[in-house]
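Dear colleague,

I am handing over the structure we spoke about, with a short account of what was found in it. Please look it over when you have time.

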Amino acid sequence: MDFSMIKRLQMPKLDLRNIEWPRFDFSGSQWVKMTKLRIGDAVAKLPIVQGGMGVGISLSGLASAVANEGGIGVIAANSIGMLDPEYYAKNKDANSIILRKEIRKAQEKTAGLIGVNIMMAVDDCLDLIRVAIEEKIDMVFLGAGLPIKGIPVEDLRTAGVKVIPIVSSARAAGLIFRSWSKKYKDIPDAVVVEGPKAGGHLGFKAEQIDDPEFALERILPEVVAEIKTYEKKYHRTIPVIAAGGVFTGADIYKVFKLGASGVQMGTRFVATHECDADIRFKEAYIACREEDLEIIKSPVGLPGRAIRNSFLKDVAAGKKMGFKCAWRCLKSCDIKSARYCISLVLDNARQGILDKGFAFAGSNAYRVDKIVSVNELLQELIDQYQHATEKGASKLRDEYEKALEKLASLKEEYLIAMRKGLSPLKEEYERGIEKGAILFREEYSKTMDKINSLKAEYQNAVDKANLLKAELVELFEQYSLFDKLQIEGARQNP
Ligand SMILES: Cc1cc2nc3c(=O)[nH]c(=O)nc-3n(C[C@H](O)[C@H](O)[C@H](O)COP(=O)(O)O)c2cc1C
């Protein structure tokens, strides 16, 4: 038996230098309500975007109300021309005409931030972007397709219009940023990542909708990570805005913890007085139950979430609704086999004609129980967010305290093991070698293993405590609470 290897083994040494472990005291803290959302030089007081909702659900009324409260209000551009009684005569020009009108109306009502939501799948998407540029809108949200071809980036930049793609995966975000970087030597200003709980058309395959792999909580950090490379390359901060199923202020807190800097919400804004839809559309939200929310296959070629009603039941049973196609607004629409015109039925729903249409809605629509003002809704979200922040901070502090306790006990255990266990054993072992006793070799290496694993555990515990400390310090910085931070002698080097 060769004992020389073991003889040469080093005693595992732990770095026991002093680390400052501060105490965190949140008592009586004044929590900042919500952090602002900065998209380039556009700053929203509240990090809340009201998602664009077509057809005609979010127009100048809702968008300006949200902007007046400090959020970002968004006008949905797709098929907006249906508001024009002469839609079928003017065809696609109607969209540009009404969009321009709505932008101007919104700008008259607010000095806040207004955006336009445009679906890349619609045939006139570039015309609508042009209107947004001419009217110097603050930002465009581009969804339902990748905004990579023919985007007038220079004109958008000259007019100061921010560009925000809506994606459902890190892959799509990567594709857009890569393509922009290559083609335009520029990148979009922010990204909305929309999960499968959203209302309206969804950027997922039907079978992905309930798959946890595609949940917002899963895709959001992936998008945040994907964008990081471009933030570094362009020395810009690109906020990621989370959408789909964000219902309460606690939900906002949760997605912020996952790396979001803002949220986009649709469903909650439908049930507001200021929402531009007919009251019957809003009442459909209040009346619906969880089991009434279903995934439909839209003629757009994407699945969508809607509230089941007699119209959708008839469609499911194979009924067709006769319609006149104005100008083939969707390249992907198969007019011959389509059972209805999606623009027409959504416009009917907007007007409350729900037997000839249906309401798109997010998976939380059944939780909506009353119609409130935009101000009331935002106040509720702010209060809930604040409560969640306080709860989160105390939880973090408790975890940190526990980590420090664990650290202290581990350190003690380690020192005892070193002092009592290893040294005498080593001597004994060396004597044992002389005697040729194998037993000592085994016990010695067992003790070494224990000390090595204690060392690893201790170092993990230090890492964990450091992470928690960093998170708490960040929280303190964010809330300027440094007067509440105390470094206690007893806390040093546990
Ligand atoms: C009635 C309705 C219509 C919508 N229409 C559009 C649209 O035209 N374009 C779009 O990009 N998203 C649309 N959406 C999605 C919203 O903008 C938003 O991202 C989504 O609803 C967020 O999920 P939430 O409803 O759970 O808050 C719509 C959502 C709803 C509820």
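The notes below take the ligand site and then one helix.

Please keep in mind throughout that this is a predicted model.

The ligand is surrounded by 21 residues, and the closest of these are Glu194, Gly245, Gln264, Gly266 and Thr267. By type, the residues of this shell divide into 12 polar, 7 nonpolar and 2 charged. Oxygen atoms of the ligand take part in several polar contacts: a polar side-chain atom of Asn117 lies 2.9 Å from one, an N or O atom in the side chain of Asn78 is 3.1 Å from one, and in Gly199 a polar backbone atom is 3.5 Å from one. On its own the ligand has 600 Å² of accessible area, of which the protein covers 95%.

The helix is α7, which runs over residues 170-184; its 15 residues, taken at 1.5 Å a residue, should span 21 Å, and because its end C-alpha atoms are 20 Å apart, the model agrees with that expectation. Buried residues of α7 include Ala170, Ala173, Ile176, Phe177, Trp180 and Tyr184. In an α-helix, residues three or four places apart point the same way, because there are 3.6 residues a turn. The list of buried residues in α7 also holds Ala172, Gly174, Ser179 and Ser181. Among the elements that cover the buried residues of α7 are the helices α6 (153-159) and α8 (216-234), together with the strands β8 (162-167) and β9 (191-194). After α7 comes Lys185, whose phi is positive, near 50 degrees.

With best regards

Key: Residues numbered from 1 in each chain as written. Predicted model: local features only at pLDDT ≥ 70, side-chain atom pairs only at ≥ 80, totals over all residues. Heavy atoms only, no water. Near = heavy atom within 4 Å. Polar contact = N/O pair within 3.5 Å; in protein donor to acceptor, adjacent residues only side chain to side chain. Areas by Shrake-Rupley, 256 points an atom, 1.4 Å probe, with all protein chains shown as cover. Nonpolar A, V, L, I, M, F, W, Y, C, P; charged D, E, K, R; others polar. Helix = DSSP H or I, 4+ residues; strand = E, 2+ residues; numbered from the N terminus. Expected span 1.5 Å × (residues − 1). Buried < 20%, exposed > 50% of the residue type's maximum accessible area, 1.4 Å probe, protein only. Contact = heavy atoms within 4.5 Å.
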